[in-house]
Amino acid sequence: MNDRIYTVSEVNKLVKDTLEENPLLSNFFLKGEMSGVSYYKSGHLYFNLKDKKASVKCVAFNYRYKKISADLKEGDLIKLFGKASLYEAGGQYQILVSHIEKEDKIGMLYQELENLKKEFLEKGYFDTGHKKTLPELPMSIGVVTSGTGAAVKDIINTAKSRYPNVNIYVYPAKVQGEGSVEEIVKGIEALNRLEYIDVIIAGRGGGSIEDLWSFNTREVAMAFYRSKKPIVSAVGHEIDFLLSDFVADFRASTPTHAAEIIVPEKKKLQNIIQDRGRMLKNLFGKNFERCRSELEKRRSSHCIRNFSSLVSEKGNMVLDKEDSLKRNYQNLLKFKKHQLEVRQGKLASLNPMEVLKRGYTITMVNGEVMKSSKALSVGDRMETVFHDGKVESIVKEIGDEK
């Protein structure tokens with residue numbers, strides 16, 4: 001067993017020599033997507049090169065002399081030529097770059113993002129018709145962000161300073177790195193299930209595009225879109241829009257800005273209430289004066305001043321009308337009674353029994369009235385009806401009228 005004790009410097013030097021002496025790592029091509037691009041006045045270029053699973057630090061010393069472009073930026077997909085090394089002072093593994101070629105103007109992640117934007121746009125996820133209105137005075141705000149970052153403190157401090165009575169419920173979630181997408185989605189869904197939550201803020205403070213990328217994913221964007229409660233995308237960046245910004249009901253430039261647009265200032269609300277109170281008091285006073293003036297006019301009117309005599313006059317008119325109606329009714333009743341008696345007389349004169357009382361009879365054979373002797377035959381059994389009875393007889397002879 002080797003009992004030698006190394007210093008940190010010795011170990012770093014050993015690792016550096018091992019990396020640089022390895023022929024597989026001395027000169028090779030490497031491609032990926034650029035992030036964290038920084039051009040220094042010293043003439044050096046620093047950046048990270050990444051793919052979907054990993055990233056590595058890279059440095060191009062005196063990049064101008066190596067004919068490396070000065071317009072490289074976040075998201076550029078490049079192919080570089082270089083070698084592996086170690087920065088001894090910091091113990092950081094890095095790639096020393098001697099040449100860079102642009103493979104595409106947009107990186108793989110950016111291309112995926114553009115494809116998502118196009119898809120969401122075609123499906124109408126960005127349409128204003130889907131946007132919900134923010135509440136005028138929310139009393140309970142749900143927040144999905146890191147539980148220990150500056151963003152949650154900014155939201156709480158800003159909201160409480162504007163309206164101390166507001167309630168803030170924080171769902172602590174990872175907002176970058178592995179597992180962040182799932183936690184952000186769960187946080188939005190959890191706050192949507194709470195009935196007392198009026199509005200949701202989901203976001204984080206600023207950072208590199210890699211730090212913010214969770215808010216560019218399909219899963220997080222769809223969680224924003226499916227939110228039943230109004231939701232604000234509040235990520236600390238000013239220049240570019242993230243996918244969550246497009247699908248949210250409102251986009252805030254920072255978490256602090258989100259609290260400012262959601263929470264009204266209590267003092268301003270109190271001033272508005274006081275102004276409206278004064279306005280209502282003024283309107284009430286004017287209306288009261290108008291009504292009082294109208295009342296005075298009516299009190300001095302002829303109708304009010306002579307109310308008793310007018311009532312008496314109208315009462316006499318009513319009594320006169322009543323007498324007239326009674327007389328007209330009695331006359332009409334007499335006329336109708338006379339008409340009824342005349343019609344009863346006419347009906348009585350047409351009654352067959354009244355005719356029989358004057359000496360006339362009705363002769364019938366087999367229930368049929370005989371109107372002529374020619375309708376009779378010898379041997380017919382006749383029934384003769386008088387006004388007070390009837391007689392039956394048999395025809396023995398039929399003679400002509402002389």
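Between which two helices does the loop that holds N216 lie? In this predicted model, N216 sits in the loop that connects helix 5 (209-212) with helix 6 (218-226). The residue is buried, its relative accessible area being 3%. Once the neighbours within four places in sequence are set aside, the contacts of N216 are L113, L116, I209, L242 and L243.

**Helices and nonpolar cores**

Helix 6, which follows that loop, packs against helix 4 (residues 180-192) at an angle of about 10°, and the two axes are 9 Å apart. Because angles under 35 degrees count as roughly parallel, helix 4 is described as roughly parallel to helix 6. On the side of helix 4 the contact is made by V181, I184, V185 and I188, and on the side of helix 6 by E219, V220, A223 and F224. By class, the residues of this contact comprise 7 nonpolar and 1 charged, with no polar residue.

Two residues of that contact, I188 and F224, appear again in the largest nonpolar core, which has 33 residues and in which F120, I188, F215 and F224 touch the most other members. At least two residues of this core come from each of helix 2 (108-123), helix 4, strand 8 (199-204), helix 5, helix 6, strand 9 (231-235) and helix 7 (243-247). For F120, leaving out residues up to four places away in sequence, the residues touched are Y125, F126, R218, A221, M222, L243 and V247. L243 is thus named both among the contacts of F120 and among those of N216. A second core, separate from this one, has 18 residues, among them F28, C58, Y63 and L72. In soluble globular proteins, nonpolar side chains tend to be buried together.

**The parallel sheet**

An open sheet is formed by 5 strands in the order 7-6-8-9-10, with parallel pairing. Its edges are strand 7 (167-172) and strand 10 (250-252), each of which pairs on one side only. On average, and with direction ignored, neighbouring strands of the sheet are turned by 20° against each other. Within the sheet, strand 6 (residues 140-145) is paired with strand 8 over 4 bridges in the parallel sense, and V143 stands opposite I201 of strand 8. Helix 4 lies across strand 6, strand 7, strand 8 and strand 9, and runs at about 145° to strand 7.

**Antiparallel pairings**

Strands 11 to 14 provide the antiparallel pairings listed here.

| Strand pair | Bridges | Partner residues |
|---|---|---|
| strand 11 (residues 362-365) and strand 13 (residues 381-386) | 4 bridges | M364 and E383 |
| strand 11 and strand 12 (residues 368-369) | 2 bridges | M364 and V369 |
| strand 13 and strand 14 (residues 389-394) | 6 bridges | M382 and S393 |

M364 accordingly has a bridge partner in strand 13, namely E383, and another in strand 12, namely V369. Strand 13, in turn, pairs antiparallel with strand 11 and also with strand 14. Two hairpins can be described among these strands. The hairpin of strand 11 and strand 12 has 2 residues between the strands, and N366 in this hairpin takes a positive phi near 55°. Strand 13 and strand 14 likewise form a hairpin, with 2 residues between them.

Conventions:
Residues are numbered from 1 along each chain as its sequence is written. This is a predicted model: local features need pLDDT of at least 70, side-chain atom pairs count only at pLDDT 80 or more; totals for chains, interfaces and linings use all residues. Side-chain values use heavy atoms; hydrogens and water are left out. Buried means under 20% relative accessible area, exposed over 50%, partly exposed in between (1.4 Å probe, protein chains only). Contact means heavy atoms within 4.5 Å. Axes are lines fitted to C-alpha atoms, for helices over the stretch in contact, and angles run from 0 to 180 degrees between N-to-C directions. Angles under 35 degrees count as roughly parallel, over 145 as roughly antiparallel, 65 to 115 as roughly perpendicular and the rest as oblique. Ala, Val, Leu, Ile, Met, Phe, Trp, Tyr, Cys and Pro count as nonpolar, Asp, Glu, Lys and Arg as charged, and the others, Gly among them, as polar. A nonpolar core is a set of buried Ala, Val, Leu, Ile, Met, Phe, Trp, Tyr and Cys residues joined through side-chain atoms within 4.5 Å. Two strands pair if DSSP finds at least two bridges between them.
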